[in-house]
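Biologist: I am new to this structure. Can you walk me through how to read it?
Modeller: Gladly. Let us take one feature at a time.

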Amino acid sequence: MSSRRSSFRRREKPAFERFKDHCRHFTAFMFSNVGIILLVTLYIIGGAFIFQGIEIFEYERLKSEKPHRFIPRNLSGECLTRIWEITAQNISFFDHHAYRRRVNDVLLDYQRAIVTKQLKGPDVEQWSFSGAFLYSLTVITTIGYGNITPHSEWGKLVTILYAIIGMPLFLLYLSNIGDVLAKSFKWIYSKVCLCRICPGVAKRRIIRERRKMRQLARALQMHDMENARGSSSYTSTSSTTTSNSSSSDYTRSSRQSSSLVDIPYSDSDSDIEREIRGSTDEITVPVTVCIFVMVGYILWGALLFGRWEDWNYLDGSYFCLISLSSIGFGDLVPGDRVITADRDKVEVSFILCAIYLLLGMAVIAMCFNLMQEQVVHNIRAIKRGFKACFRCRSS
């Protein structure tokens, strides 16, 4: 009984220690692959509610304090009134050039007012939940379309703090999810493209590769033997020490050629199965395959956005490339179906648009990771080739 009581006391932890353990487990889960996706999603949704509340509250406050600012202006009527006042002063009768200059100034002011009104857009309609969600997404992804911007001081301050926290969080998301996608894609590539899923095809492919490498090894050995024989016949009249050195050079060169191409000479089923079931970490995906994946994802997005936004195929491809590369010019934005007058309405196409952007940037990060591995592998192969060439020349 005493041993059971002591073990029970040993197992029981203080409340603060249990709280620390729970916090540690929760933090580890939130920064895992599933947790980081959930964390980014909740961060964007929370930011959408925060920005929507701030901007709508500021809009209602200004509308109650300064209602004259929200009365729609008749820009065309104001322009015509100013031109009529200039004309009524009879300036054209005395100085025709001064009259034209003043009328041109009025027309330029009218053009600037029209452009500013179109770029600014409605003050409150753009801060629907869909618009606020799009704004939060473009802030942490550094796309920054520029079609939705905060006008209040609190909105600008919260944007600064939101970006400071959200940008490292999104970079962590790209790092983790890009690594997971890269490992998954390498596994699929090894099973499908390298025929590891078909043992018979993979076995024949490995046997063919081993035969080619053996033929190369034999050719190198024959070449080294011919060089060694030529050097030994040339030094046959020399002393015994010279012949011993030539024989040692021959054995050294033969060892270098055999170590240069270290190929297993057994075609047993166990060795081949071991190579087929090898780790996918040693596999490198070609650069052309990565480029094909990126181009295919962009063309697929162009087809989707062409249906949602009534864009042609070129505009859809242009928008996808500019968005996924985080350039974000802002000349094309998903606005016609997303930003609506209903503040609480959420379009299904908008949710798919957000998923496309989040997944697409992870796919781009995956492709860059795989391309980097392929480039590093090629550089190391070139380095080994140069070392082998210099070793053969020195021998």
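Biologist: Which helix does Leu161 lie in?
Modeller: This is a predicted model, so keep that in mind throughout. Leu161 lies in helix α8, which covers residues 153-192. Leu161 also helps to make a nonpolar surface patch of about 670 Å². Its other members are Trp154, Leu157, Ile160, Ile164 and Ile165.

Biologist: How many helices and strands are there in the chain?
Modeller: The chain has 14 helices and zero strands. Read from the N terminus on, every element is an α.

Biologist: What share of the residues counts as buried?
Modeller: Of the chain's 395 residues, 33% count as buried. The chain exposes about 25800 Å², and carbon and sulfur atoms supply 61% of that area.

Biologist: How should I read contacts along the sequence?
Modeller: Look at how far apart the partners sit in sequence. Take contacts with a separation of 6 or more: residues 24 or more positions apart account for 75% of them. For a pair in space, try Ser190 and Thr284. They are 94 residues apart in sequence, yet their C-alpha atoms are 9.3 Å apart. Ser190 lies in helix α8 and is buried, at 0% relative accessibility.

Biologist: Which residues does Gln374 touch, leaving out those up to four places away in sequence?
Modeller: Gln374 touches Thr284, Val285, Pro286 and Val287. Gln374 is placed in helix α14, residues 348-394. Why is Gln374 classed as buried? Because its relative accessible area is 13%, and the cut-off for buried is under 20%.

Biologist: Now charges. What is the general idea?
Modeller: Side chains of opposite charge can pair when their charged atoms come close. A search of the whole structure finds five salt bridges here. In one of them, Arg61 pairs with Glu58, with the closest N and O atoms 2.5 Å apart. The two side chains also make a polar contact.

Biologist: Why are Arg61 and Glu58 separated by about one helical turn?
Modeller: Because they are three residues apart in helix α3. That helix spans residues 33-65. Their exposure can be read too. Glu58 counts as buried, at 16% relative accessibility. Arg61 is partly exposed, with a relative accessible area of 29%.

Biologist: What about Lys183 and Asp179?
Modeller: Their side chains meet in a salt bridge, at 3.9 Å from N to O. They are four residues apart in helix α8, so about one helical turn separates them. Asp179 is partly exposed, at 35% relative accessibility. Elsewhere, salt bridges with shared partners join Arg82, Asp109 and Arg112 into one network.

Biologist: Which parts of the chain do Asp109 and Arg82 belong to?
Modeller: Start with the bridge: their side chains meet at 3.6 Å, N to O. This pair links distant parts of the chain, 27 residues apart. Asp109 is in helix α6, residues 96-120, and Arg82 is in helix α4, residues 75-88. Asp109 counts as partly exposed, at 34%. Arg82 is partly exposed too, at 38%.

Biologist: Last, how many disulfides does the count give?
Modeller: First, the general idea.  A disulfide is a covalent bond between the sulfur atoms of two cysteines. Here the count is zero. The sulfur of Cys353 is 8.6 Å from the closest cysteine sulfur, in Cys320, so it is too far for a bond. For Cys367, the closest cysteine sulfur is in Cys290, at 5.2 Å, again too far. Cys353 is buried at 2% relative accessibility, and Cys367 is buried at 0%.

Conventions: Residues are numbered from 1 along each chain as its sequence is written. This is a predicted model: local features need pLDDT of at least 70, side-chain atom pairs count only at pLDDT 80 or more; totals for chains, interfaces and linings use all residues. Side-chain values use heavy atoms; hydrogens and water are left out. Patches are made of residues with over 30% relative accessible area and no salt bridge: like charges are joined within 9 Å, nonpolar side chains (Val, Leu, Ile, Met, Phe, Trp, Tyr) within 5 Å. Accessible areas come from the Shrake-Rupley method with a 1.4 Å probe; for residues, only the protein chains shown count as cover. A salt bridge is a side-chain nitrogen of Lys or Arg within 4 Å of a carboxyl oxygen of Asp or Glu. Helices (H or I, at least four residues) and strands (E, at least two) are DSSP runs, numbered from the N terminus. Buried means under 20% relative accessible area, exposed over 50%, partly exposed in between (1.4 Å probe, protein chains only). A polar contact is a pair of N or O atoms within 3.5 Å; within protein, one must be able to donate a hydrogen and the other to accept it, and residues adjacent in sequence count only if both atoms are side-chain atoms. Contact means heavy atoms within 4.5 Å. A disulfide is a pair of cysteine sulfur atoms within 2.5 Å.
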